[in-house]
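The following note collects numbered points for a colleague's consideration. Each point should be read beside the displayed coordinates.

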Amino acid sequence: MESGGVAVKRTPGRRRSSRTNGGAASVGKRSRDRTCSRSPPPRKKLGSGEALEEQDCPEYNGSDDDLFGDYDSFSGNSSLLANVEAIEQRCVLSPDFVLDSKSIESRAAGQLQNAKQTFLFAESIACLRNGTEGDFVSSVKEHQESSLKCQDDEVLEDLPSSQLLFLEQSNECFAGPNTTPGVQQRDCPMNICLDKTSNQSLCQKTECNKEDNEPATSELSTIALADPTRRKSLKDLLKSAMTGNARAPAPLVSKSKELSEVLVAEEAGVPEETAGSSFIDIGPFYGLPTKVKELLVKCRGIENLYDWQHDCLTLESLKQRKNLIYSLPTSGGKTLVAEILILQELLCRKMDVLMILPYVAIVQEKVGNLSGFGMEFDFLVEEYAGSKGKFPPVKRRLKKSLYVSTIEKAHSLVNSLIETGRISDLGLIVVDELHMIGEGSRGAILEMTLAKIIYASKTTQIIGMSATLNNAGDLQQFLKAEYYTSNFRPVELKEYVKIQDSIYEVDSTAENGFTFSRLLEYKYSSNLQKIDPDHLLALATEVIPKYSCLIFCPTKKNCENVAETICKYLKREYKTLREREKRDLIDDLTNICNGKLCPVLKRTIPFGVAYHHSGLTNDERKQIEEAYSSGILCLLTCTSTLAAGVNLPARRVILRAPYVATEFMKKNQYKQMVGRAGRAGIDSAGESILIAQAKDKQLVRNLVHSPLESCYSNLLLECNKGIRSLILSLVGLKIATNPEEVHRFMCSTLLSIQPQLLPKGKSLWDVIVEVLQWLKQNGLLKERARCESEHHLQHNLEITHLGQATYKGSISLAYCDTLYADLKKGLKGLILESYLHLLYLTIPYEMVSQCNPDWMIYFKQYNQLTPVEQQVAAAVGVPESFIAKKASGQAIRKDVDGDTVGRLYLSFVLHALVKETNIWNVAEKFNTSRGFVQTLLNSAAAFSSSVLHFCEELDEFWVYKALLTELSKKLTYCVKAELIPLMEVAGVLEARAKQLYNAGYKTLAHLANANPEVLVKTIEHMSRRQARQIVSSAKVSRMFCEKPQTGKCFQQICWVNRKYWRILILFGIQLCYNHPS
């Protein structure tokens, strides 16, 4: 029985008839019918492809159903038992009553058969106790029609302690020795079946069990014939049977879980296995429940998939678990396909998933978007970005995890899983922007990550997607993947080039690549012509304010200038559109900045215009993005980083110049920018206009018609920086322990597929030997000779303690020695009166090149330090005299390390920020942009996490472990302590955290239990979508704070209902019961 209750076939009017004058006779008749001929029919096994058929089956009462009518138990209804006893006595004393052995035997057989089904679960417990887990599982499968399956451990942890106590007592009862089996059989005939079958393997067939019960039946009838006074009355048999039912453990499943399983079964027919043996079809939406489709409609507005998405999801290669690369233009819907594949892996295959994204902002956005799905379908969404993420991740038996990670964090995560032997837990890895494998040092890290997965796990599937791929063949060979591509775009994109007043359409069939489209008609005064020679105002006002527009500019400063210039000449009517909402946006930005607002934004937002670049703080950027998405802002001037960041499409995209900073634009960058044109479901077409000078016409023609750049391995970039880190980690992870194994691994990398990248005259083996020699010379690896035979000497590679700390902390090999020296020096005189000394140690070495100190500010900030804090400068090697002479412009005779001077200056910036937690004030104090302060803070938070992992591998740095743990958390949020719990929630930044805290939502529990509708009414300027997302994310974050699930996998719990209380008393089981209901 699925519900674990007693099988009762009810007929209309049964209870009413039992209370009438003629009820006794009718009850007696029904009692005989139930005991003799109404045993429940065996349930039919269903094959994998069969559908559930409706049958005329008995009604099964669950533990919460009205089992005994108005009474707590069968013993409470004395009239029923009295009537049964009277009927039985009349039958015995009647002269027509013949004691027929066959009838008695058939009755006893029916009763025993019922008892056998009642105690069948007890048999499985005995099998588990005497055998192995494997025997238990196989036996349960063979008795599907009448036995109960072992439930998940999640139910165990939801039970109160009183029920866990009952488990122990009931197990002792089942496990107790049968000291007097004869007496036991006489007292309780129901146990005859139990004793007979409990000594046999449950793997036997049902027919064998039936034959084994026949001697017991005969024995019972013989005892009854020989001594009628000892014969059990029908009343006693009823008591014994129902008491046995109460003792038998019920299935470990809650009512809500039963109901959800029934809904899934109705929806899917019968769980069905597809070509992938581990894939379980649980619904009609590509193997997923209909609820997935409903959430896509509700949260994303997606009602139907595009044809290419359906074709891609039904590819035979995906069913066969092959790796896949698919490429489509921007805005084609690639992400949705990836999300469906992720849900299939989590829900149907019950495996963990890793999703790799290029930037922290995209990771945070994706965590927020998928948290709702995680709460609905009971999986975890974990953020691995910046300083967030645990290595190795917490191992969970019951819940599966989706790790959403940046490229760097994904590499560390994969390393930790390989080291702990858990890489096979990853069923799927999804890589967005796969073309980034060919972009600098980050591309090298991505290549390392994928190569390790391919080499270490044969069961992990890799899905890569990109809008800009050229040499897909090389990537196919590297990933051993199939390739799917399409030119589909939901909105047609028209590309134009503007040269002077003429606008040309990009046409590959034309002789010169361009086709004349039109002349720009806009009356410019001579003054305006000088201020706006590129006619940005004319191009923008053709679409705004009715439609949206993006203007990509080469530099951050140019973004601000263009925004201000356009607003100077816009008509006053632009200010009246959504005026109240714009005013609210200005108020929000002012509150975010503690009463301060960028003067440029203050002048441009009333016109619906703003700029977007890295100079904004995280809070400002998020507010501007939300305002643009909702239509409050109609024009954004931005840098190229927006093209690869969050999705902000527009009707028209204008490229201010074919340059990114001072370098001419690449085809990949161009495609990403123009790909933002056209909003699916809103615009019928998208337009991109590239503004070019006459002198650049040929370069622009080559740009728009040239093929995409190819992706090449970057392992040899910057003096073999990538391959050195890779080989060091291979030895540390014991993937390779000698040069031959290193070479075998390197043959599976993208570098081996592109031998043209190797230095001239050198093979891959030569490069490996050089790298190994360098690692040994720098104390990161060591070699130990081992004699395997008389004529063979094996040279094994081992990683040193410094090498282990370097690769586990993801520290650049160029700085590992410097970091070790700085930490070692700090031990001699670590100053802990403030955070200053620790902050110096966590300043990223790469940030020094961006630091250009203002020496007067440097000297002023030094003098504002306490005497103890000034000792930090002397301790790291920057004396006061040096700073004073630089500020006064005097000559410096004694050389001081420039990197040390720069890191100390940056530590002053962070020190001021930690004390004030106000980026605006700190930026003004140091005469720098607030964006630079924000970048410094984010980089320091991530690097402090790396330094912490570095120190954890070196015992001599034990003192730093606790110190850096706290500092890393402080840098991650840089807010007051009471706001930190709220900042754990994806999508909640400082401004929103303050709003929530002031509204009474002061903990994760408050936020997780919040009603989204109440949040919308309570928190200013919060949409329903944002409220739902924040509540879902809070629930996910709260899960991470809970204690990981523990318990024995096959431990059994008897779920006791209140209505069985009196039965338990009869058996002498004392239970202090405290049911959650």
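1. Tyr659 is partly exposed at a relative accessible area of 25%, where the classes are buried under 20% relative accessible area, exposed over 50% and partly exposed in between, for a 1.4 Å probe and protein chains only. Phe664 is likewise classed as partly exposed, at 26% relative accessibility.

2. The model is a predicted one, in which local features need pLDDT of at least 70 and side-chain atom pairs count only at pLDDT 80 or more, while totals for chains, interfaces and linings use all residues. Residues are numbered from 1 along each chain as its sequence is written, and side-chain values use heavy atoms, with hydrogens and water left out.

3. The count of aromatic pairs comes to 20. Rings of Phe, Tyr and Trp (for Trp, the six-membered ring) pair if their centres lie within 6.5 Å; planes under 30 degrees apart are stacked, those over 60 are edge-to-face, and the rest are tilted. Tyr522 and Tyr524 make an edge-to-face pair, with 5.1 Å centre to centre and 70° between the planes. Tyr659 and Phe664 also form an edge-to-face pair, at 5.4 Å centre to centre with 85° between the planes.

4. Is Tyr524 buried or exposed? Tyr524 is buried, with a relative accessible area of 17%, whereas its partner Tyr522 is partly exposed at 36%. Elsewhere, one aromatic cluster is formed by Trp855, Tyr858, Phe882, Tyr905, Phe908 and Phe926.

5. How many cavities of 30 Å³ or more are there? The count is four, and the largest cavity has a volume of about 60 Å³. A cavity is a set of points, on a 1 Å grid over the protein atoms alone, where a 1.4 Å probe fits but cannot get out; lining residues have an atom within 4 Å of a point. Grid points are joined across faces, edges and corners, and the volume is the space filled by probe spheres set on the points.

6. The lining of the largest cavity consists of Val292, Leu296, Arg300, Leu336, Glu339, Ile340, Leu343, Leu370 and Phe373. Two or more lining residues come from each of helix 14 (290–300), helix 17 (334–348) and helix 18 (360–377); helix 17 gives the most, with four residues. Helices (H or I, at least four residues) and strands (E, at least two) are DSSP runs numbered from the N terminus. By class, the lining has seven nonpolar, no polar and two charged residues, with Ala, Val, Leu, Ile, Met, Phe, Trp, Tyr, Cys and Pro counted as nonpolar, Asp, Glu, Lys and Arg as charged, and the others, Gly among them, as polar.

7. Val430, in strand 9 (residues 426–432), is buried at 1% relative accessibility. Leaving aside residues up to four places away in sequence, Val430 touches Ala338, Ile342, Leu354, Met355, Ile356, Ile463 and Met465, where contact means heavy atoms within 4.5 Å. Val430 and Leu357 stand 73 residues apart in sequence, yet their C-alpha atoms are 8.7 Å apart.

8. Glu798 belongs to strand 23 (residues 792–799) and is partly exposed, at 27%. Its contacts, again without residues up to four places away in sequence, are Val731, Leu781, Lys782 and Arg784. The C-alpha atoms of Glu798 and Glu783 are 6.1 Å apart, with these positions 15 residues apart in sequence numbering.

9. Helix 29 (residues 667–674) is mostly covered, six of its eight residues being buried: Lys667, Asn668, Tyr670, Gln672, Met673 and Val674. The cover of these buried residues includes strand 12 (492–499), strand 21 (685–692) and helix 30 (697–705).

10. Backbone geometry merits inspection at several sites. The peptide bond from Phe391 to Pro392 is cis, with omega near -15°, and Pro392 lies in the loop between strand 7 (380–384) and strand 8 (401–405). The bond from Ile544 to Pro545 is also cis, with omega near 5°. Tyr286, in the loop between strand 4 (280–281) and helix 14, has a positive phi near 50°.

11. Cys719 lies in helix 31 (residues 717–732), has a positive phi near 60° and is exposed, with a relative accessible area of 62%. The structure holds zero disulfides, a disulfide being a pair of cysteine sulfur atoms within 2.5 Å. Cys299 and Cys747 are partly exposed, at 38% and 43% respectively.

Definitions and conventions: On a 1 Å grid over the protein atoms alone, a cavity is a set of points where a 1.4 Å probe fits but cannot get out, and a pocket is an open set with protein on both sides within 12 Å along at least five of seven lines; lining residues have an atom within 4 Å of a point.
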